[in-house]
Amino acid sequence: MSASGAAPGSLAAYRPELRPRVLLSDALLDGAATVHLIKDAETGNSFKVGAKEHFLIARMDGGRSLAEIGEAYAGEYGRRLADAHWQQLLTLLGTKGLLAGAPAPKAPAAEPEKRTLLRGTLPLVADADATTARLHRAVGFLLAPWATVPLLVLILAMEVVVVARSGELLLAVRELFGNPVLLTGTAVLLWVSTALHELAHGVVARHHGGRVAEIGLRWRLPAVIMYCTVDDYLYFGSRRHRIATAAAGAVMNLLFLLPFCALWLFAPLDSATHEAFAALLLLGSVQAFAMLVPLPPLDGYRIAGQLAGATGLAASAGAYLRLALRRAPEAAAYPRRARIAYPAYVSVTVLVLALVVALVVAAAHHLLTA
């Protein structure tokens, strides 16, 4: 290809096409750079490319020739690609098995995790995606706006009650720790809530076209938790869908509490059960909102990453702030969006952590003086 043409001879007519399960992400901040993530869902291989490479790759749909893609590139970036650039890009995609017709590379052999009594993982189902699909068929109607909006209103009303009566609930938690039977029952309910939290991520991901790779148990004794791995969450076409998937677990935790809140408020319960439900409401609410703290690897961090449009948000924000505080000239090279997003993330995180500390201090003061 000459510098003045899109592609010479037969290469100009070549219509490259990506394999069906190649996924492309939106533009994401990565330090001072803007990148796109590319993943082969068949093998799990993934890598980053710049905006210009993404512009070309995203147009490789089998319907456009290299000549047409080159013309679009020239119109966008004001220059035409030389033959060496095309060859380099096509070789890269072919080597990684991302082009239709190219031999698909084998998935990297994953080292099986060594299970011991103290730590390990155990898949619970043979086909996690099929299991999630069945769950979605059963409860997916709850994700329609006519069901979601009233449920969110009920959750908001419940949390208003929790805040308004937090002093009473704190005393109930203190009493709960003096009753081993009710404490065990509450712990079991909170564990069930955690399991539903993970399944909710999978069901919402499935609702938005995602795939669930694995559902299982993970233990780091004494903790034993359920996990649900969503492979292609970062590649959903809508940021709103990605945020909904990340927030689904915490919403499920709160949804789980609704019937216990109704019983606590309106049912004629004996004193011990009434106090146990009160404690469950407070502990379950704390469990849900703790997951929304914007620190890795919590769900709140994933939501913050999507709001900022960034990958590796914590590391990138830390690196930028160190440069900015030293007034290093490299800080000025960051794009404007990064110069806003990174300080905003750090500021919000500090405020959230300060609020958490203040709530802990207030709770301790209430328990000591009640």
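Which residue of β7 stands opposite tryptophan 219? In this predicted model, the residue facing tryptophan 219 across the strand pair is valine 224. That pair offers a convenient entry into the sheet, from which the description can move outward to the helices and loops.

The protein as a whole contains 13 helices and 7 strands. Its C-alpha trace spans about 85 × 55 × 45 Å along the principal axes. Of the 370 residues, 37% count as buried. Among the contacts with a separation of 6 or more, 67% come from residues 24 or more positions apart.

The sheet considered here is open and consists of 3 strands in the order β5-β6-β7, with antiparallel pairing. Its edge strands are β5 (119–123) and β7 (223–230), each of which pairs on one side only. From one strand to the next, the twist averages 25°. In general, the strands of a sheet pair through backbone hydrogen bonds, in either a parallel or an antiparallel manner. Strand β6, covering residues 212–220, is joined to β5 by 5 bridges and runs antiparallel to it. On this side of the sheet, glycine 120 stands opposite tryptophan 219 of β6. The pairing of β6 with β7 is also antiparallel and extends over 8 bridges. Tryptophan 219 thus has glycine 120 opposite it in one pairing and valine 224 of β7 opposite it in the other.

The connection between β6 and β7 is a hairpin through 2 residues. Proline 222 lies in this loop, and the peptide bond leading to proline 222 from leucine 221 is cis, with omega near 10°. Most peptide bonds, by contrast, are trans.

Two helices can be related to this part of the chain. Helix α8, residues 180–207, lies across β6 and β7 and runs at about 5° to β7. Helix α5, residues 128–139, contains aspartate 129. Is aspartate 129 buried or exposed? Its relative accessible area is 15%, so aspartate 129 counts as buried, the limit being under 20%. The side chain of aspartate 129 makes a polar contact of 2.7 Å with the side chain of arginine 206. Leaving out residues up to four places away in sequence, aspartate 129 touches Arg206, Gly210, Arg211 and Val212.

Beyond β7, the chain passes through a loop that holds leucine 234 before α9. Leucine 234 has a relative accessibility of 33% and therefore counts as partly exposed. When neighbours within four places in sequence are set aside, leucine 234 is in contact with Ser25, Leu37, Arg242 and Gln306. Leucine 117 is 117 residues away from leucine 234 along the chain, and 33 Å separates their C-alpha atoms.

Helix α9 then occupies residues 239–266. Its N-terminal end is capped by serine 238, a side-chain oxygen of which lies 3.1 Å from the backbone nitrogen of arginine 240. The 28 residues of α9 reach 40 Å from the first C-alpha to the last, close to the 40 Å expected at 1.5 Å a residue. The helix nevertheless bends by about 45° at alanine 248.

Further along the chain, a second cis peptide bond joins proline 296 to proline 297, with omega near 5°. Proline 297 is placed in the loop between α10 (271–290) and α11 (299–308).

Another backbone feature appears at arginine 327, in the loop between α12 (313–325) and α13 (336–369). Most residues other than glycine have a negative phi. Arginine 327 has a positive phi, near 55°. With a relative accessible area of 76%, arginine 327 is exposed.

Helix α13 includes threonine 349. In contrast to arginine 327, which is exposed, threonine 349 is buried, with a relative accessible area of 8%. Apart from residues up to four places away in sequence, threonine 349 touches Pro294 and Leu295. Threonine 349 is 161 residues from valine 188 in sequence, and their C-alpha atoms are 31 Å apart in space.

Methods: Residues numbered from 1 in each chain as written. Predicted model: local features only at pLDDT ≥ 70, side-chain atom pairs only at ≥ 80, totals over all residues. Heavy atoms only, no water. Helix = DSSP H or I, 4+ residues; strand = E, 2+ residues; numbered from the N terminus. Expected span 1.5 Å × (residues − 1). Bend = angle between axes of the 7 residues up to and from the residue. Polar contact = N/O pair within 3.5 Å; in protein donor to acceptor, adjacent residues only side chain to side chain. Pairing = 2+ DSSP bridges. Axes fitted to C-alpha atoms, helices over the stretch in contact; angles between N-to-C directions. Contact = heavy atoms within 4.5 Å. Buried < 20%, exposed > 50% of the residue type's maximum accessible area, 1.4 Å probe, protein only.
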